[in-house]
Amino acid sequence: MQMHKPFIVLGIVLVLAFISVPEAAIVKHTFHVGNLTLTRLCHTRVVVAINEKTPGPIIEVNEGDTLVIEAINNSPYNITLHWHGIFQRLSGWADGANMITQCPILPGNKYTYKFKVVGQEGTLWWHAHLSFLRETVHGALIIKPKKGPKSYPFSKPFQEIPIILGEWWNDDVFTIDRQAFLTGGVTPHADAFTINGQPGDLYNCSTNDTYKFIVEPGKTYLLRIINAALNNQLFFKIANHSFRIVAVDASYTNPYETDTIVIAPGQTVDALLTTNVKPARYYMAARAYQSTDPPAPIFANTTSRAVLEYSSATSSTSGQLVMPDLPIFNDTLTAHTFFSNLTGLVRPGFETVPLYVDERLFVTIGLGFADCLPSQTLCNSSSLAASMNNASFLFPSGISILEAHYKDLKGVYTVDFPYKPPVSFDFTNISVNSDKLLTPFTKTSKGTKVIKVKFNTTIEIVLQNTAIIGIESHPMHIHGHNFYILTQGFGNYNEIEAIKSFNLNDPLVRNTISVPTGGWAVIRFTTTNPGVWFVHCHIDTHLRLGLATILEVENGPTKNYILPAPPVDFPKC
């Protein structure tokens with residue numbers, strides 16, 4: 001009998017483990033896409049919203065769950081929904097990138113997004129991925145650990161609070177974006193920033209449009225902060241309080257203490273906030289980080305405010321609300337300090353940065369000019385454009401790239417995206433805009449060029465900003481993948497010097513990186529996700545101008561790594 005005891009004990013352990021871990025669930029939502037009338041800043045307009053709310057529904061799942069969202073389009077616009085940061089392993093048909101992984105859902109039609117949430121924990125989000133509709137079509141997507149909050153790599157917080165930062169235009173955003181395309185120009189800046197959909201009391205007619213949450217003294221809260229703004233990186237602070245950063249883009253970090261958060265469009269930050277100051281009422285505030293150099297003559301130089309109120313505050317103790325001391329709008333030093341000091345939390349049994357590289361790309365990113373397209377009927381010979389390695393992305397029509405990839409259709413895209421820029425020059429020197437010998441470099445051309453790689457390829461990409469038209473920071477997002485940030489800096493990339501600063505021990509893991517203004521960053525990842533994945537700037541104006549490409553990943557060696565057929569209700573163009 002003694003010989004069988006270890007097996008009995010092991011069996012008991014396995015049974016207890018099975019009991020203690022919840023079974024994966026199927027989480028279902030119905031999203032009704034429709035019109036909603038809102039009044040902000042003394043302006044009333046009709047917006048597109050989900051279930052008559054903006055921000056839209058908060059989705060909560062546990063790691064391992066399957067998410068099913070039936071999207072019913074009762075709006076007057078075509079629409080797609082993207083689940084930002086979700087890997088979509090073998091479910092690329094649900095990624096939601098317009099004309100990349102699907103044709104749009106036409107008015108009066110519906111589509112069911114179905115995918116499994118595997119190997120991810122933390123704060124992500126969902127949003128429209130067509131035109132400027134994500135101004136009001138967005139919401140939080142929160143992934144809890146399979147074993148619950150007790151398995152967080154930090155003490156369980158008292159409460160978790162989503163904080164969604166956004167933008168508001170007084171005029172119809174679809175019309176604004178369409179007009180900018182037709183003329184070949186840029187969209188005007190937003191009229192306000194918002195915190196959880198409310199602009200705050202610094203704006204006209206907005207005294208009652210101020211978000212507020214009440215806290216208990218002596219508690220720790222987990223703020224799940226999302227930048228859903230279309231075109232602006234943001235500074236975020238709460239007066240007299242500090243944060244402990246514990247995750248970004250649903251990837252845990254080593255704890256980082258700061259009183260200022262910097263967050264680019266598309267990014268998320270999980271921050272612990274301890275309510276350990278005098279019980280009173282405090283402002284939290286968001287303001288633009290304007291990274292352009294020279295500074296843009298016109299930008300959204302406004303501030304959104306919300307209120308953090310202690311439950312024990314009284315009229316005698318709260319007094320005047322305290323406003324945080326925000327950085328100035330072009331404080332690149334503060335932005336770079338925040339971004340460059342974050343590191344990834346290394347956990348036993350989890351993936352680490354790959355040390356061997358199969359493919360290397362050097363990719364310049366920035367603005368430029370291109371010939372007007374025939375569809376740009378109000379454009380005068382030359383249009384503002386954006387490009388990667390001087391290739392400005394042109395969206396296909398008639399069929400999505402993923403469907404063309406799956407069916408092996410020719411003529412929809414080409415696999416000749418350049419692995420380096422056509423010419424080398426002083427990329428971050430603004431003389432490129434005035435030197436007659438360099439001005440030809442400001443011209444780009446349109447095309448649907450993709451990067452095609454084999455399954456399980458480790459890629460290292462140097463992202464190099466340029467000074468064409470102006471120096472600026474670009475938040476670059478890769479669908480379907482996370483990546484390691486090895487290092488970043490200013491000026492032109494110098495490989496010999498940069499390698500010395502590579503962090504191969506605990507590099508930060510993200511899905512969206514704010515490449516330093518007038519600088520560069522090095523990222524590395526492995527393509528274990530077959531399909532086609534959008535790589536683009538998350539400033540929506542720049543995306544429309546063409547600052548994008550596609551990563552096409554071939555199928556793997558077994559059925560577990562082969563893209564299945566599209567679902568039966570897959571939208572048709």
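Hi everyone, let me start right inside the fold, with Ser 387. Setting aside the residues within four places of it in sequence, Ser 387 is in contact with Thr 364, Ile 365, Gly 366, Ser 392, Thr 444, Gly 546 and Leu 547. Ser 387 belongs to strand 21, which covers residues 382-388. Is Ser 387 buried or exposed? Its relative accessibility is 8%, under the 20% cut-off, so Ser 387 counts as buried.

Before I go on, please keep in mind that this is a predicted model.

Now let me step back to the whole chain. We have 7 helices and 32 strands here. How does the radius of gyration sit with the globule rule? For 573 residues, a compact globule would come out near 25 Å, and the chain has 24 Å, so the two agree. If you prefer box dimensions, the C-alpha trace spans about 80 × 70 × 55 Å along its principal axes. Of the 573 residues, 59% are buried. And take the contacts between residues at least 6 apart in sequence: 80% of those join residues at least 24 apart.

A word on the surface and the charges, since I know some of you will ask. The exposed area is about 23600 Å², with carbon and sulfur atoms supplying 55% of it. On the charge side, there are 42 positive and 44 negative side chains, and the centres of those two sets lie 5 Å apart.

Next, the aromatics, which I enjoyed looking at. How many aromatic pairs does the chain hold? The count comes to 29. One of them joins Phe 154 and Tyr 252: the ring centres are 6.4 Å apart and the planes meet at 70°, so this pair is edge-to-face. The two partners come from distant parts of the chain, 98 residues apart, with Phe 154 in the loop between strand 8 (138-144) and strand 9 (159-168) and Tyr 252 in strand 15 (residues 251-258). Both of these residues are buried.

That loop between strand 8 and strand 9 also holds Ser 151. Ser 151 has a relative accessible area of 28%, so it is partly exposed. Its C-alpha atom is 15 Å from that of Val 61, a residue 90 places away along the chain.

Back to rings for a moment. Ring pairs tie together a cluster made of Phe 31, Trp 83, Trp 93, Tyr 111, Tyr 113, Phe 115, Trp 126, Tyr 406 and Phe 570. Let me pick out Trp 83, which is in strand 5 (residues 81-84). With a relative accessible area of 0%, Trp 83 is buried. Beyond its sequence neighbours within four places, Trp 83 has contacts that include Phe 31, Tyr 113, Phe 115 and Trp 126, and also Ile 59, Ile 69 and Leu 141. For a distance across the fold, the C-alpha atoms of Trp 83 and Ile 225 are separated by 16 Å, with their positions 142 residues apart along the chain.

Last stop: helix 2, residues 173-183. Which of its residues are buried? Those are Val 173, Ile 176, Asp 177, Ala 180, Phe 181 and Leu 182. In an α-helix there are 3.6 residues a turn, so residues three or four places apart point the same way. The buried residues of helix 2 pack against strand 2 (43-50) and helix 7 (540-545). Just after the helix comes Gly 184, with a positive phi of about 80°.

That's my tour, thanks for listening!

Definitions and conventions. Residues numbered from 1 in each chain as written. Heavy atoms only, no water. Helix = DSSP H or I, 4+ residues; strand = E, 2+ residues; numbered from the N terminus. Rg over C-alpha atoms; globule rule 2.2 N^0.38 Å. Buried < 20%, exposed > 50% of the residue type's maximum accessible area, 1.4 Å probe, protein only. Contact = heavy atoms within 4.5 Å. Areas by Shrake-Rupley, 256 points an atom, 1.4 Å probe, with all protein chains shown as cover. Lys, Arg positive; Asp, Glu negative; His and termini not counted. Charge placed at Lys NZ, Arg CZ, Asp CG, Glu CD. Phe/Tyr/Trp six-rings, centres within 6.5 Å; stacked < 30°, edge-to-face > 60°.
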